[in-house]
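Q: Please take a close look at one part of this model, the sheet and what packs around it. Keep it plain for someone new to the structure.

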Amino acid sequence: MKTLLFTSSLLLINCSANKALDQKNSTNPNTQVFTLPVDTPKIEVDENYLLGQFDPATHPDFMPIEQQHTTKSSAYLRKDTYAAFVNMHNAAKKDGITLLIVSATRNFYAQKGIWESKWTGSTIVSGKNLAKEVKDTIERAKYILLYSSMPGTSRHHWGTDIDINNLNDNYFLSGQGKKEYEWLTAHAHEYGFCQPYSKKGTDRETGYEEEKWHWSYMPVSGQLIQQYEAKITYARIKGFKGSGTGKVIDVIKNYVLGIAGKCK
Ligand SMILES: [Zn+2]
């Protein structure tokens, strides 16, 4: 990424995101200018990581998000991703834009809870009890997949992806929400962030509906998606209700890889 921001005095230092966060912790986070790595190191993770089968609260590459940056009482991100977010947050603030994380890392078990709640009808989806009204399991999975990932296939597993400010498309169509989205589309790339679930069309033909709130830290997630494509097979997409539909729907090709071209 050539577009990340640096302070000139620190350009010669091989800064890491961790150092950036150490600086942050020692000074006022609202005024501190953060630094990001000149070149993001090569990151190699195992299959369990890609599938979200770990606890971000105890993983050494993760840290808790400060309360001032999130609406959640407890949330975690990769340290490199969080450093980049704080940089972006502070820049946005200067332009009168507040960016808050409404969802961050969700591991396999958190995603399983969301998925199975919709699968069994405990959570009503767009006015429907899917267990009662959509008996065909393939169709039921596709219905949930409009907005929710199958466990093991979510970018939120990786600690690189965040949902910002609101989970409804309408929010971003007018008023402050529109201004926030316009700021993100103009500036998020300067901090390494990209909107993977862009408007569907020629650039992105398959996958989830557009998510204006979902942003991904590309210096890391760009590496992880390549590893996911290389390592994960349908034998590993299991351990939740309706998991057999994954292969039939080809969720890896159509959803995991169904992202905006500029986010690859
Ligand atoms: Zn999201």
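A: Ile101 stands opposite Ile164 in strand 4. This is a predicted model. Two bridges join strand 3 to strand 4, which covers residues 161-164. These two strands run antiparallel.

The pair belongs to a wider sheet. Four strands form it, in the order 3-4-6-5. The sheet is open, and the pairing is antiparallel. Its edge strands are strand 3 (101-103) and strand 5 (193-194). Each of these edge strands pairs on one side only.

Next comes the helix that crosses the sheet. Helix 8 lies across strand 4, strand 5 and strand 6. Strand 6 spans 214-217, and helix 8 runs at about 85° to strand 6.

Tyr228 has its place in helix 8, which covers residues 218-231. Tyr228 counts as buried because it has 23 C-beta neighbours inside 10 Å, and 20 are enough for that label. Leaving aside neighbours within four places in sequence, Tyr228 is in contact with Leu50 and Val256. The C-alpha atoms of Tyr228 and Val45 are separated by 9.4 Å. Along the chain, Tyr228 and Val45 are 183 residues apart.

Now the nonpolar core. The largest one has 49 residues. Leu77 and Phe193 have the most contacts inside this core. Helix 3 (residues 79-94) gives the most to this core, with six residues.

Leu77 deserves its own list. Beyond its neighbours within four places in sequence, Leu77 is in contact with Phe62, Met63 and Ile65. Its contacts also include Tyr82, Phe85, Ala104 and Thr105. Gly159 and Ile162 are in contact with Leu77 too.

Helix 4 is another element to follow. Helix 4 has twelve residues, 108-119. From its first C-alpha to its last, helix 4 reaches 16 Å, close to the 16 Å expected at 1.5 Å a residue. In helix 4, Phe108, Gln111 and Lys112 are buried. Trp115, Lys118 and Trp119 in helix 4 are buried as well. Seen down the axis of helix 4, the buried residues fall within an arc of 135°, so they line one face of the helix. The buried residues of helix 4 pack against two other helices. One of them is helix 5 (130-133), and helix 6 (137-144) is the other. Gly121 follows helix 4, and its phi is positive, near 90°.

Note on methods:
Residues numbered from 1 in each chain as written. Predicted model: local features only at pLDDT ≥ 70, side-chain atom pairs only at ≥ 80, totals over all residues. Expected span 1.5 Å × (residues − 1). Buried ≥ 20, exposed ≤ 12 C-beta atoms within 10 Å, placed from the backbone. Arc of directions from axis to C-beta. Contact = placed C-beta atoms within 7 Å. Core = buried A, V, L, I, M, F, W, Y, C linked by C-beta atoms within 7 Å. Pairing = 2+ DSSP bridges. Axes fitted to C-alpha atoms, helices over the stretch in contact; angles between N-to-C directions.
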